[in-house]
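Okay, thanks for coming, everyone. I've got two spots to walk you through today, so let me put the structure up.

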Amino acid sequence: PGALALATGFLFTEGFIRTLADVASMAICPQSLALVQVHLIDAQQVRTDRRSGVVASSCGVCGNLDHLPDSWAASSPVSNTLAVTPAQLHRHMLTMRQHQLIFGHTGGTHAAAIFDARGALLAAAEDLGRHNALDNAIGHCLLHGRPTAASCAVLSGRISLEMILKAAHAG
């Protein structure tokens with residue numbers, strides 16, 4: 001399930017799909033549980049300015065700002081706003097930390113959690129890569145029909161430009 005959420009979130013935040021309706025099928029490859037095979041409804045509609053390939057634990061944009069897709073510069077501004085108090089942020093961080101089971105044993109993973117405007121946890125994910133954790137949490141929301149507009153993303157590590165763009169894309 002985590003691999004499907006990661007793949008879904010990556011496809012969405014990178015602009016390969018707009019909604020789950022763009023996906024014809026998605027399945028974990030039986031030969032390798034680390035691979036997800038995706039077939040899109042209209043492969044011709046896939047934007048060629050988006051990066052593709054293996055999802056690694058780094059952003060792929062860091063240190064390479066000359067190669068940002070033009071579509072990111074033309075992204076619509078986020079129309080939803082949410083104000084979070086320091087006390088709410090602290091509660092969100094504590095809740096996210098409760099979902100970091102691997103981190104509790106190793107101290108070596110990142111996490112991302114998404115909370116709605118009321119403060120309810122919509123999704124939490126952990127991964128070696130902070131970008132992957134965010135994609136996984138966003139993908140989990142998409143797969144479970146949980147809207148991310150006007151929500152709050154809480155992250156365990158530093159925030160890169162790409163992560164800001166991913167969060168903005170998710171509303």
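**A helix and a glutamate**

So, in α1 the buried residues are Ala5, Leu6, Ala7, Thr8, Gly9, Phe10, Leu11, Phe12 and Thr13. Keep in mind that what you're looking at is a predicted model. That list makes nine of the twelve residues in α1, so by our cut-off of under 20% relative accessible area the helix is mostly covered.

What do the buried residues of α1 pack against? Two strands and two helices: β1 (23–28), β2 (36–40), α5 (130–143) and α6 (161–169). As for the helix itself, α1 runs over residues 2–13 and reaches 16 Å from its first C-alpha to its last, close to the 16 Å expected at 1.5 Å a residue. Then, just after α1, you hit Gly15, with a positive phi of about 85°.

Okay, second spot. Go to strand β4, residues 121–127, and find Glu126. Glu126 is buried, yet it has no salt bridge. Which side chain of opposite charge is nearest to Glu126, and how far away is it? That's Arg97, 6.9 Å away.

So look at the backbone instead. The Glu126 side chain reaches the backbone nitrogen of Leu101 at 2.9 Å. A polar atom of that Glu126 side chain also lies 3.1 Å from the backbone nitrogen of Phe103.

And the rest of the surroundings? Leaving aside neighbours within four places in sequence, Glu126 is in contact with His99, Gln100, Leu101, Ile102 and Phe103, plus Thr109, His110, Ala111 and Ala133.

Note on methods
Residues are numbered from 1 along each chain as its sequence is written. This is a predicted model: local features need pLDDT of at least 70, side-chain atom pairs count only at pLDDT 80 or more; totals for chains, interfaces and linings use all residues. Side-chain values use heavy atoms; hydrogens and water are left out. Helices (H or I, at least four residues) and strands (E, at least two) are DSSP runs, numbered from the N terminus. Buried means under 20% relative accessible area, exposed over 50%, partly exposed in between (1.4 Å probe, protein chains only). Lys and Arg count as positive and Asp and Glu as negative; His and the chain ends are not counted. A salt bridge is a side-chain nitrogen of Lys or Arg within 4 Å of a carboxyl oxygen of Asp or Glu. A polar contact is a pair of N or O atoms within 3.5 Å; within protein, one must be able to donate a hydrogen and the other to accept it, and residues adjacent in sequence count only if both atoms are side-chain atoms. Contact means heavy atoms within 4.5 Å. The expected span of a helix is 1.5 Å times one less than its number of residues.
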